[in-house]
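Colleague: I would like to learn how to read a structure, feature by feature. Please show it to me and start with strands and how they pair.

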Amino acid sequence: MLTLDKVFDAQQILKNIVRETNVVRAYGIADECELYLKPENLQITGSFKVRGSAYKIAMLTEEEKQKGVIACSAGNHAQGVALAATKNGIKSLICLPDTAPISKVEATKGFGAEVCLVEGCYDDAYQKAMELRDSEGYTFVHPFDDENVIAGQGTIALEIINDLDNIDAIVVPIGGGGLISGIAYTAKQIRPSIKIYGVQVAGAPSMYNSVKGGEIKCLSSVSTIADGIAVKKPGENTYALVKEYVDEITLVSDDEVASAILALMEKQKMISEGAGATAVAAVMSGKFDLKGKRVVTVVSGGNIDVTSLSRVIDRGLLNSGRSTSLLIELIDKPGQLKEISRIIADCGGNVTGVHYEKGNTESVNGCFLRIEMETRDFKHVNLITRTLKNEGFKLV
């Protein structure tokens, strides 16, 4: 049984393994509330997952430790199990989906684990891990649906409550539900008045659909930039705990997540992966009624692949009106580009790309000019487009 004593026990055992991540006040991200961040992206393995996996491994019998452990993961749990197993002198084998970022695969190997890549997503890796557990005798360390793992994640709530008084709400990302189960159970036992809000991405709404439908539901597929929470089916333990202790769950889009990653980088100088930014995305997008409230969002991880990061930044810039592209139809004659550039410059825009395109225009001498530019926000974009139209240019 999950108990508060178990969570406190986990806190003691994890003292020499995990880093206590103090909450940080966030400015310029969500002005309507008093926002704080719980930066688990600064954890030793770059994610909160090491808490649950390390406590689970600490609770194994000597016989289980001798057989070694096996786990499956989208990446972060893998690193937590690898680190905890290595610290205890235990062999670890990790099954990862072949879609996991290269950085997470290499980091897992770096913490001392053997890696088995499996075609598909997390759930396919889980099936492979079950086969190897049965055939080789490993002890399986579940990424979320285990009471010791959940208790380890609950230590985050103890740290938050110790850092801050009068918390109104904690906003938490949801994949399989281990993180929010531990936080919700622990926080509600100590301060029942704290609201616990969960966030999933629209491309992987397994817990959201299950809670709404009143039973555990399995998705046929998942698709999201938040690979760390791309889980098809929540666990039985986590589903029961979420139903009992979580006040509300919402969904965010990949575009909202990209904007949150960009905001965390610019405003807080903090790198977050997609899954880690979902809670911030929900607050930024006004998914919950948090006006005037003291709110903590859990930034659950920061293990984002650098190649993905550049694409996410570009997407975040587009979504926030920081960059834009205009297609202008005009007559192909000298001086057109000069005049367009002057208008954009006078409005304070910065042209970063110009592409000349011949196409199916109304005039025989017509052409298209695609202008890419840096802007301040959507109001700035509207100013530039309005000025170009007033000067007689036709925007497509």
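Modeller: Two strands pair if DSSP finds at least two bridges between them. Helices (H or I, at least four residues) and strands (E, at least two) are DSSP runs, numbered from the N terminus. This is a predicted model: local features need pLDDT of at least 70, side-chain atom pairs count only at pLDDT 80 or more, and totals for chains, interfaces and linings use all residues. Residues are numbered from 1 along each chain as its sequence is written, and side-chain values use heavy atoms, with hydrogens and water left out.

Colleague: In which sense do strands E4 and E5 pair, parallel or antiparallel?

Modeller: Strands of a sheet pair through backbone hydrogen bonds, in either the parallel or the antiparallel sense. Here E4 (residues 92-97) and E5 (residues 114-118) are parallel, with five bridges. Ile94 has Val115 of E5 as its bridge partner, and Leu93 stands opposite Glu114 in E5.

Colleague: What lies between the two strands in the β-α-β unit?

Modeller: Helix H5 (residues 102-110) joins E4 and E5 in that unit, which is right-handed. Right-handed means that, with the strands pointing away from the viewer, the path from the first strand over the helix to the second runs clockwise.

Colleague: Which strands stand at the edges of the sheet?

Modeller: The sheet is open and has four strands in the order E5-E4-E3-E6, with parallel pairing. E5 and E6 (139-140) are the edge strands; each has a single partner strand, so one side of each is left without a neighbour in the sheet.

Colleague: How many helices and strands does the chain have, and what share of its residues is buried?

Modeller: There are 15 helices and 14 strands in the chain. Buried means under 20% relative accessible area, exposed over 50%, and partly exposed in between (1.4 Å probe, protein chains only). Of the 396 residues in the chain, 55% are buried.

Colleague: Which residues touch the most other members of the largest nonpolar core?

Modeller: In soluble globular proteins, nonpolar side chains tend to be buried together. A nonpolar core is a set of buried Ala, Val, Leu, Ile, Met, Phe, Trp, Tyr and Cys residues joined through side-chain atoms within 4.5 Å. The largest one here has 59 residues, and Ile57, Ile160, Ile167, Ile170, Ile183, Ile196 and Val296 touch the most other members. Helix H7 (residues 147-163) supplies the largest share, seven residues. A second, separate core has 38 residues, including Ala226 and Leu309.

Colleague: Thr155 lies in H7 too. Is Thr155 buried or exposed?

Modeller: Thr155 is buried, because its relative accessible area is 1%. Contact means heavy atoms within 4.5 Å. Leaving aside neighbours within four places in sequence, Thr155 is in contact with Val7, Ala10, Gln11, Leu14 and Arg51.

Colleague: And Lys269: buried or exposed?

Modeller: Lys269 sits in the loop between helix H11 (254-268) and helix H12 (278-284). With a relative accessible area of 69%, Lys269 is exposed. A polar atom of the Lys269 side chain lies 2.7 Å from the backbone oxygen of Glu266.

Colleague: How many disulfides are found?

Modeller: A disulfide is a pair of cysteine sulfur atoms within 2.5 Å. The search of the whole structure finds zero. As for two cysteines, Cys218 is exposed at 52% relative accessibility, whereas Cys347 is buried at 13%.

Key
A polar contact is a pair of N or O atoms within 3.5 Å; within protein, one must be able to donate a hydrogen and the other to accept it, and residues adjacent in sequence count only if both atoms are side-chain atoms.
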